[in-house]
Structures are given as C-alpha cells and as structure tokens.
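Subject: The structure you asked about

Hi,

Here is the structure for you to open and turn around. Have a look first, then read on for what turned up.

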Amino acid sequence: MARSSLTREEVLDTAGALVKRHGPQALTMRALAAELGTAVTSIYWHVGNRESLLDALVERTVQEMGILRPAGRTPAARIVSVARGLRRELRARPHLIAMVHERGLTERMFLPAQQALVHEVHAAGLRGARAAAAVRAVQFQTVGFLLVERNRERSPVQSPGEGDLWTASTADDDPALARALARPADPDRLFADSVRALVEGLLAGPVQQGSRRGTGMRGRETAE
C-alpha cells in the first residue's frame, strides 16, 4: 500500500542517498518510489520528472557545500580548517559533486569556501592579487589532493607496492625514511600537514611585513 503522506524533503533525502550509494544511473523514478514505499505519481507531484529531480539535488548540494564554518584562533588555523572541511564535504558526496560539475555549477558551489578563505586571508593582512593567489592556492591544493586520493583508492592493488619497493638499499642511507615510505600513507594527516605548510608559506611572504593596516604580525601566526 502506498504511503499517504510524503514531503519534498523526504524525496530529495532518499534520492540523494541512492545517488551516493550507486551513482546517478541508479536513480530512476521506479527505484525511488520503491525506496520510499509510494507510487511514482506521488514523486512526480513533489519534484516533477527525473530531470527536475536531478536539478533539485544539484541545487541542494550547492547549498550544502556553502555550510563551512572556520575554526581556530588564528587566520592560518582557520584557513586550514576551511580546507579540511571542503575536502570532507567533497569526499562525502562524489557522485553529487559530479552532477554539479556536469550542470556547470562547480564555480558557484566553490564560492562559499572561497569567501570564507578571503575573509581569513584578509584577517592575516593579505590584499589584492596576493590574497586572490592565496585563496586559489588553497582551493587547488584541496581539490588536487582529493583527485589524487580518489585515484589511488580506485586503482588496482599494486604489485610490487611501496612496502616492497622501499628498502634500506633504496633510501640513500636513510633507513628511517625507507621504513616510513614503506608504511601506508595517512591521507588525513598528510592533507592537514601539506595545507598547513602551504598556508604558513603564503602568509609569511613580504606583504605581511609592515602591512599598512597594522595587520602584518597576524600574517606570521601559524596554524595550530
């Protein structure tokens, strides 16, 4: 028996979950109706046809990606927190992000993260082209890291792997390095460390020394 009550939000929630699990190709009106325990006509009533449903999911994803709240006591720490939040949100919904890209809304989706980064680089004393370059560097680092990360996750098992390749004989007399490279990478830590190093370098440039607005010293604060 079909459900007597259904909301648009329930339809979008369930449709989004289907896409997250199986990709956009799995999102048919029949499959969605089965998940919801309702008739296909009821879904049409709430969201229209499949294309309208996909548009609604894309719009919702864009809005969700705008909820990034910086955390930390310094601009540098907050910039790192924005980058980590952006990576986390992108990882959580790869199929939906792909749909956003296909509909030409990628730049709009990234705008809230860019605005958060602009606020923090301004707080650190950067202005103009230097501030814009810092914002883009953090964004590109985040997206690029994610692409490499996902490619490694999808690639077949490597043989020989790093653990087989890195031995004391290939480490140029640095056995500690060989042992470290033989162990699996920790993506979360690697990402945080790389973004932190990038941000510290960006905020420590000549522009930060003797800022006309008296904010130069803040640029030397490092992420915690």
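To start: how many aromatic pairs does the count come to? The count comes to one aromatic pair. Keep in mind that this is a predicted model.

A quick word on how to read such a pair: two aromatic rings are described by the distance of their centres and the angle of their planes. Here the rings belong to Phe145 and Phe191, with centres 5.1 Å apart and planes at 65°. Planes over 60 degrees apart count as edge-to-face, so that is what this pair is.

Where do the two rings sit in the chain? Phe145 is in helix α8 (residues 128-154), while Phe191 is in helix α11 (residues 187-203). They are 46 residues apart, so the pair links distant parts of the chain. Both Phe145 and Phe191 are buried.

Now click on Arg87, in helix α5 (residues 75-92). Setting aside its neighbours within four places in sequence, Arg87 is in contact with both rings' residues, Phe145 and Phe191, and also with Thr142, Glu149, Pro187 and Asp188. Is Arg87 buried or exposed? Its relative accessibility is 7%, so Arg87 counts as buried; the cut-off for that is under 20%.

One more to find: Glu120, in helix α7 (residues 106-123). Glu120 has 4% relative accessibility, so this residue counts as buried too. Not counting residues up to four places away in sequence, Glu120 touches Pro70, Pro75, Arg78 and Ile79.

Cheers

Notes:
Residues are numbered from 1 along each chain as its sequence is written. This is a predicted model: local features need pLDDT of at least 70, side-chain atom pairs count only at pLDDT 80 or more; totals for chains, interfaces and linings use all residues. Side-chain values use heavy atoms; hydrogens and water are left out. Rings of Phe, Tyr and Trp (its six-membered ring) pair if their centres lie within 6.5 Å; planes under 30 degrees apart count as stacked, over 60 as edge-to-face and the rest as tilted. Helices (H or I, at least four residues) and strands (E, at least two) are DSSP runs, numbered from the N terminus. Buried means under 20% relative accessible area, exposed over 50%, partly exposed in between (1.4 Å probe, protein chains only). Contact means heavy atoms within 4.5 Å.
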